[in-house]
Structure formats: structure tokens, C-alpha cells
Amino acid sequence: MADKFSSADEYIASFPAEVRAMLEEVRRTIRAVVPAAGEKISYQIPTITLDGRPLLYFSGWKEHISLYPIPSVDEELATAIEPYRSGKGTLKFPLNKPIPYDLITRLTQAFLTARTS
């Protein structure tokens, strides 16, 4: 991967085709919930913004895709994300298993709820 990225497109393009497709789908999933969202690179990873402020981050790694931070969630969603938790604020979705895009949709909705509360 390059040391510096100027856009989410550039970041995503730096990955092998299979991972690139997953990152694109993560991006589409998030943007389907937040169509007015912006994008930028922050901490050298794609950052989804809302009203100019970071909403959530996603990144690709050798063996997983991460999403952070974890918003406040209800008990049902907390149970659903538990297998993917890595530390207090990170979710890791293994590349060798199907990415739970429906769960990413629910998390993005939780981010929006947390932002407007």
C-alpha cells in the first residue's frame, strides 16, 4: 500500500481485487444509509463524514476489514456484533468469511441515531 492516500478511491484501489470489492461494498452499504455523507481520508483510512464531521471509519487489512468506532447499541445489536469485536471500539470482519453487510447497515443506522441524540 502507498504511504499516503488522497481519496477513498485511491485507498480502496491499493488492495487486491477481492478485498477491493469487499471494501467497495462496505462503502456502498454505508452510503445507502447515509446518502448525504461525505468522504475523506483521515488517519490514512476512508472516513465517512456527515455535516463535515467524521461519522465512521473503515479499513482493509491482510485478514480482515475493520469498522470503527462502535456506537452505542441496543442489547440485540450488541449481541450481533460480539463475534466481531476487537477491543473497545473496533469491529473486525474476517476476509475468509462472508462480510455481514446487513450488520453494517444496522451499525450505520446506530451511528446516525447516536449522532442525532
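## His 64 in strand β4

The side chain of His 64 forms a polar contact with the side chain of Ser 66 at 3.2 Å; a polar contact is a pair of N or O atoms within 3.5 Å, where within protein one must be able to donate a hydrogen and the other to accept it, and residues adjacent in sequence count only if both atoms are side-chain atoms. This is a predicted model, in which local features need pLDDT of at least 70 and side-chain atom pairs count only at pLDDT 80 or more, while totals for chains, interfaces and linings use all residues. Residues are numbered from 1 along each chain as its sequence is written, and side-chain values use heavy atoms, with hydrogens and water left out.

His 64 belongs to strand β4 (strands are DSSP E runs of at least two residues, helices H or I runs of at least four, numbered from the N terminus). With a relative accessible area of 15%, His 64 is buried (under 20%, with a 1.4 Å probe and protein chains only). Not counting residues up to four places away in sequence, His 64 touches Ser 59, Lys 92, Phe 93, Pro 94 and Leu 95 (heavy atoms within 4.5 Å).

## The sheet

An open sheet with antiparallel pairing is formed by 6 strands in the order β1-β2-β3-β4-β6-β5 (pairing requires at least two DSSP bridges between two strands). Strands β1 and β5 (85-86) each have a single partner strand, so one side of each lacks a neighbour in the sheet.

Strands β2 (residues 45-50) and β3 (residues 53-60) are joined in the antiparallel sense by 4 bridges. Leu 50 has Arg 53 in β3 as its bridge partner.

## Ser 42 in strand β1

Ser 42 lies in strand β1 (residues 38-42) and counts as buried at 17% relative accessibility. Apart from neighbours within four places in sequence, Ser 42 contacts Thr 47 and Tyr 57.

Definitions and conventions: Buried means under 20% relative accessible area, exposed over 50%, partly exposed in between (1.4 Å probe, protein chains only).
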